[in-house]
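I set out to record what I looked up in this entry, beginning with one contact and working outwards. The notes follow the order in which I consulted the coordinates.

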Amino acid sequence: MSTPSPDALAELRYQLLDWYDAHARVLPWRVPPLEGKGGKRPDPYHVWLSEIMLQQTGVMTVKPYFTAFLKRFPTVQDLAAAPLDEILGLWAGLGYYARARNLHEGAKAIAALGGFPMGEAGLRSIKGIGPYTAAAVAAIAFDLPHVPVDGNIERVLSRLWLIQAALPAAKPIFREAASRFEHPHRPGDFAQAMMDLGATICTPRNPICGLCPWSKVCKAYEKGCANDYPKKQPKKLKPVRYGVAFVVLGPDGLLVRRRLNEGLLGGMLEVPNLAWRDTPYETDACVLQGFDPRADWISCDSVRHVFTHFDLRMQVLAVRLSEISNLEGYHRLAPEAVSQAALPSLMQKIIASGLKALNLL
DNA sequence: CACCCGTGGAG
DNA sequence: TCTCCAAGGGT
């Protein structure tokens, strides 16, 4: 791609900002563009929280979580003072749970500093804030001249200038391309305008080029090949893994335990389950877990769950016991508390399958 | 750099 | 059913 002239870049900026003034999405963590032009800035805590939640996660999914978080933790100090388990409980279902653990750690660091770092470098020092989020918070919350580069912006730029390099290896090329737009005039609105354009007009499939403020200069539109961009490296196929989970209901509730604070579903609750492996389990599953095979085990609907890098098939066995002997590391969770507990979606599915088989759903 | 890390919706 | 993917970051 040839380097656009400063005048051409300035023209693009004005066209996009005009479009944004008229078509900006209304979002709970956002200050409308006209208020922004009046000098009003969004709360850095709101911007930070929303950016973390939005990492690899859709706006529609995030909205209810964002609202619930802000209601329970109105300030970053409230978040810093909260127990991790409560944060994980509110995060349950959103996925990528390291974000929640890092959020808690970040809140404590920010509270200790007495407030948010107001520069990109300071933001970068906080766990969970990478190059994208640092630039986004700096631009949106503090109106500093940065152009964050997310998936939306990569897609928009790849089409606008027909960038051939394949992602994710080409990230540095896109950063360089985006930095050409860096300018002190309304950097926060410009960043959000790029993301709105990518999310609502310049969509991954079937972009609505007829409504795009840049259609007259977009190379991909000119060639009619917008759907072919951005170029991406082929992904690996996911292996299938197998496990067996046990829904054990006693008089005081379900057997659950806490996973380690690292790795897959780190810090979240789980029901007893056998180690996941690449071949299915056949028989004697309850013996393998240390349970009494003579109990009235019910074979439940199996659960399929797709993780980022593998596909999981879980066999589910359920039993109702009049008493449960003490099991090392496990505690009881009342069925009424399941919906608010720090249980990831996989475990919610497993428990639902078990309770249904026990005629409790 | 390659891999790990969730989930639900859209087409 | 299947594929793609959404405001990425940590290691």
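**Entry 1: a salt bridge.** I began with the side chains of D85 and R258, which meet in a salt bridge at 2.8 Å, N to O. I note at once that the model is predicted, and I read each value below as computed from that model.

**Entry 2: the domains.** I then looked up how chain A is divided and found domain 1 (6-228) and domain 2 (240-357). By these bounds D85 falls in domain 1 and R258 in domain 2. I asked how many salt bridges are counted between domain 1 and domain 2. The count is 1.

**Entry 3: the interface.** I recorded the separation of the two domain centres, taken over C-alpha atoms, as 37 Å. For contacts, I found 9 residues of domain 1 against 15 residues of domain 2. I next looked up the area that the two domains bury between them: about 790 Å², with 52% of it on carbon and sulfur atoms. Which three residues supply most on the domain 1 side? I found L88, Y97 and R101, which give 53% of the area that domain 1 buries against domain 2, more than any other three residues.

**Entry 4: the second largest pocket.** I turned to the pockets and took the second largest one before the other. I noted a volume of about 290 Å³. I counted 17 lining residues, of which G95, Y96, L264, L265 and F307 lie nearest the centre of this pocket. Where does the second largest pocket lie with respect to the domains? I concluded that it lies between them, because domain 1 and domain 2 both give residues to its lining. I also looked up the secondary structure involved: α7 (98-113) and β5 (303-306) each supply at least two residues of this lining. By class, I recorded 9 nonpolar, 7 polar and 1 charged residues.

**Entry 5: the largest pocket.** I closed with the largest pocket, for which I recorded a volume of about 1,300 Å³. Its lining comprises 41 residues, and those nearest the centre are L54, Q56, D150, G151 and N152. I asked which helices each supply at least two residues of this lining. I found α3 (44-53), α9 (131-142), α10 (151-160), α11 (171-179) and α12 (187-200). The class composition I noted for the largest pocket is 16 nonpolar, 12 polar and 13 charged residues.

How values were computed: Residues are numbered from 1 along each chain as its sequence is written. Chains are lettered from A and ligands numbered from 1 in the order in which they are written. This is a predicted model: local features need pLDDT of at least 70, side-chain atom pairs count only at pLDDT 80 or more; totals for chains, interfaces and linings use all residues. Side-chain values use heavy atoms; hydrogens and water are left out. On a 1 Å grid over the protein atoms alone, a cavity is a set of points where a 1.4 Å probe fits but cannot get out, and a pocket is an open set with protein on both sides within 12 Å along at least five of seven lines; lining residues have an atom within 4 Å of a point. Grid points are joined across faces, edges and corners, and a volume is the space filled by probe spheres set on the points. Helices (H or I, at least four residues) and strands (E, at least two) are DSSP runs, numbered from the N terminus. Ala, Val, Leu, Ile, Met, Phe, Trp, Tyr, Cys and Pro count as nonpolar, Asp, Glu, Lys and Arg as charged, and the others, Gly among them, as polar. Domain bounds come from an automatic or database domain assignment. Contact means heavy atoms within 4.5 Å. Buried area is the accessible area (1.4 Å probe) that two parts lose on being put together, summed over both. A salt bridge is a side-chain nitrogen of Lys or Arg within 4 Å of a carboxyl oxygen of Asp or Glu.
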